[in-house]
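Work through the following exercises with the sequence and the model open. Each task is followed by a solution in steps.

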Amino acid sequence: MKQTTVVQHVQQQEKKILGATGEFASLINGILVGAKIIALEINKAGIGGDILGATGTRNVYGEAVQKLDDLANSTFLSIISKSGTVCAITSEEMENPVIIPPEQAGKYVFMMDPLDGSSNIDVNVSTGTIFSIYRKKSLGDTVTDQDLLQKGTDQVAAGYVVYGSSTMFVYSSGHGVHGFTLDPSLGEFILSHPDIRIPERGNIYSINEGNTENWEDKQKKFVSYLKKMDKASGRPYKARYVGSFVSDFHRNLLKGGIFMYPSDAKNPSGKLRFEFEAGPMAFIAENAGGRASTGRERILDIAPTNIHQCVPLYIGSRFDVEAAEEFLKN
Ligand code: AHG
Ligand code: MN
Ligand code: MN
């Protein structure tokens, strides 16, 4: 076969990861199995049984939990926790980390947003899964905050799955960003987007503009600037906002542009979570030549103080994120 599968690709990349021994490839393989299960469930949502809608409960952030959030969380949890590759798993959908007993544990820490954009499931709009992988840092068997609250730059790898018009897996282990498309007839992810580079500058902005009244003035001015006519700098930009971060990010990664979830009067730290959304996507963006910041600070320089910490987020093409930072200054 001429085509490259993810596993073949990861095995190649693994040679470049310091200290990798095959455990990394097994972990990625676990994610792929989970992704295929979720993709199948999402594809039949609407016909198959009782899978659509909310569970009636709320997560740590007070958001309504969808049945598919629960299913995705338990699917990845059960596969990854048994993979022998991780010592702890944190998830947007779980208040506390799951610690793997030492006899079944491996050297990585796994963090996930099992189903991103889940409120879009019921209306057949794309969703995703986001993950981040760190190495256990503390010595000994106990998992400590040193392992669970690491700085963004310490990520070994990060990536996401888009459940869209096709299912795609995109990841980086610090050596470029690579995209694979699921061939449903083979059940394999095939390399379709090698070495993705985000355009230096885009012409798309993605933000929930319904929140305008809650923004600080500088934020309002930046969005007004993007909408002003100026041929030389390619303005006005196009507005594109799906409401699934994975889908919005993926489109901007391929086409160029900026995604923003700023701090506002209602959410002073923004809405997106450092460990499960902002951190992993910042790792992808930077590895594709893009930029990610809170508007004032590089995302990857943040070390969270709690696993559910939110951060304001400006992410995408380098030039566009720098322009936002310029507006937010002083
Ligand atoms: P999740 O479904 O994992 O809770 O994430 C939802 C997030 C993200 O996907 C999206 O960009 C953002 O929430 C949308 O928020 P608003 O509805 O406030 O625009
Ligand atoms: Mn999410
Ligand atoms: Mn989620």
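## Exercise 1: a residue in the last helix

Ala 324 counts as buried, because its relative accessibility is 1%. The model is a predicted one.

Task: Find where Ala 324 sits and list which residues it touches, leaving out those up to four places away in sequence.

Solution.
- Step 1. Ala 324 belongs to helix H8, which covers residues 318-328.
- Step 2. Beyond the four places on either side in sequence, Ala 324 touches Phe 222, Ile 258 and Tyr 314.
- Step 3. Take the pair Ala 324 and Phe 222: they are 102 residues apart along the chain, yet their C-alpha atoms are separated by 6.5 Å.
- Step 4. Apply the cut-off: buried means under 20% relative accessible area. Ala 324, at 1%, therefore counts as buried.

## Exercise 2: the two manganese ions

Task: Identify the protein donors of the manganese ion (ligand 2) and of the manganese ion (ligand 3), and state which residue coordinates both.

Solution.
- Step 1. For the manganese ion (ligand 2), the protein donors are Asp 113 (OD), Asp 116 (OD) and Glu 277 (OE), at 1.8 to 2.2 Å.
- Step 2. Written along the chain, the spacing of these donors is D-x2-D-x160-E.
- Step 3. For the manganese ion (ligand 3), the coordinating residues are Glu 92 (OE), Asp 113 (OD) and Leu 115 (O), at 2.2 to 2.3 Å.
- Step 4. The donor residues of ligand 3 have the spacing E-x20-D-x1-L. Glu 92 lies in the loop between strand E3 (86-91) and strand E4 (98-99), whereas Leu 115 lies in strand E5, and this pair, 23 residues apart, links distant parts of the chain.
- Step 5. Asp 113 bridges the two manganese ions, which lie 3.7 Å apart.

Task: Decide whether Glu 92, Asp 113, Leu 115 and Asp 116 are buried or exposed.

Solution.
- Step 1. Glu 92 has a relative accessible area of 4%, so it is buried.
- Step 2. Leu 115 has a relative accessibility of 1%, so it is buried.
- Step 3. Asp 113 and Asp 116 are both buried.

## Exercise 3: backbone exceptions

Task: Locate the cis peptide bond at Pro 236, and examine the phi angles of Asn 124 and Asp 195.

Solution.
- Step 1. Begin with the background: most residues other than glycine have a negative phi, and most peptide bonds are trans.
- Step 2. The bond between Arg 235 and Pro 236 is cis, with omega about 5°. Pro 236 is in the loop that runs between helix H5 (217-227) and strand E12 (238-239).
- Step 3. Asn 124 is not a glycine, but its phi is positive, about 60°. This residue is found in the loop between strand E5 (108-116) and strand E6 (127-135). With a relative accessibility of 75%, Asn 124 counts as exposed.
- Step 4. Asp 195, also not a glycine, has a positive phi of about 45°. Its loop lies between strand E10 (188-193) and strand E11 (204-206). Its relative accessibility is 45%, so Asp 195 counts as partly exposed.

## Exercise 4: a covered helix

Task: Determine how many residues of helix H6 are buried, and what follows this helix.

Solution.
- Step 1. Helix H6 spans residues 245-255.
- Step 2. Of its 11 residues, 9 are buried, and the helix is mostly covered.
- Step 3. Among the buried residues of H6 are Phe 245, Phe 249 and Leu 253, together with the charged residues Asp 248 and Arg 251.
- Step 4. Gly 256 follows H6 and has a positive phi, near 95°.

## Exercise 5: the chain as a whole

Task: Describe the fold content, the compactness and the surface of the protein chain.

Solution.
- Step 1. The chain contains 8 helices and 15 strands.
- Step 2. Its radius of gyration is 19 Å, close to the 20 Å that the globule rule gives for 330 residues, so the chain is as compact as a globular protein of that length.
- Step 3. Along the principal axes, the C-alpha atoms fill a box of roughly 60 × 45 × 45 Å.
- Step 4. Of the 330 residues, 53% are buried.
- Step 5. Taking contacts between residues at least 6 apart in sequence, 62% join residues at least 24 apart.
- Step 6. The accessible surface is about 14100 Å², and 50% of this belongs to carbon and sulfur atoms.
- Step 7. There are 34 positive and 38 negative side chains, and the centres of the two sets are 7 Å apart.

How values were computed: Residues are numbered from 1 along each chain as its sequence is written. Chains are lettered from A and ligands numbered from 1 in the order in which they are written. This is a predicted model: local features need pLDDT of at least 70, side-chain atom pairs count only at pLDDT 80 or more; totals for chains, interfaces and linings use all residues. Side-chain values use heavy atoms; hydrogens and water are left out. Helices (H or I, at least four residues) and strands (E, at least two) are DSSP runs, numbered from the N terminus. The radius of gyration is taken over C-alpha atoms; the globule rule is 2.2 Å times the number of residues to the power 0.38. Buried means under 20% relative accessible area, exposed over 50%, partly exposed in between (1.4 Å probe, protein chains only). Contact means heavy atoms within 4.5 Å. Accessible areas come from the Shrake-Rupley method with a 1.4 Å probe; for residues, only the protein chains shown count as cover. The place of a charge is taken as NZ of Lys, CZ of Arg, CG of Asp or CD of Glu. Donors are N, O and S atoms within 2.8 Å of the metal (3.2 Å for Na, K and Ca); water is not among the atoms, so sites may look incomplete.
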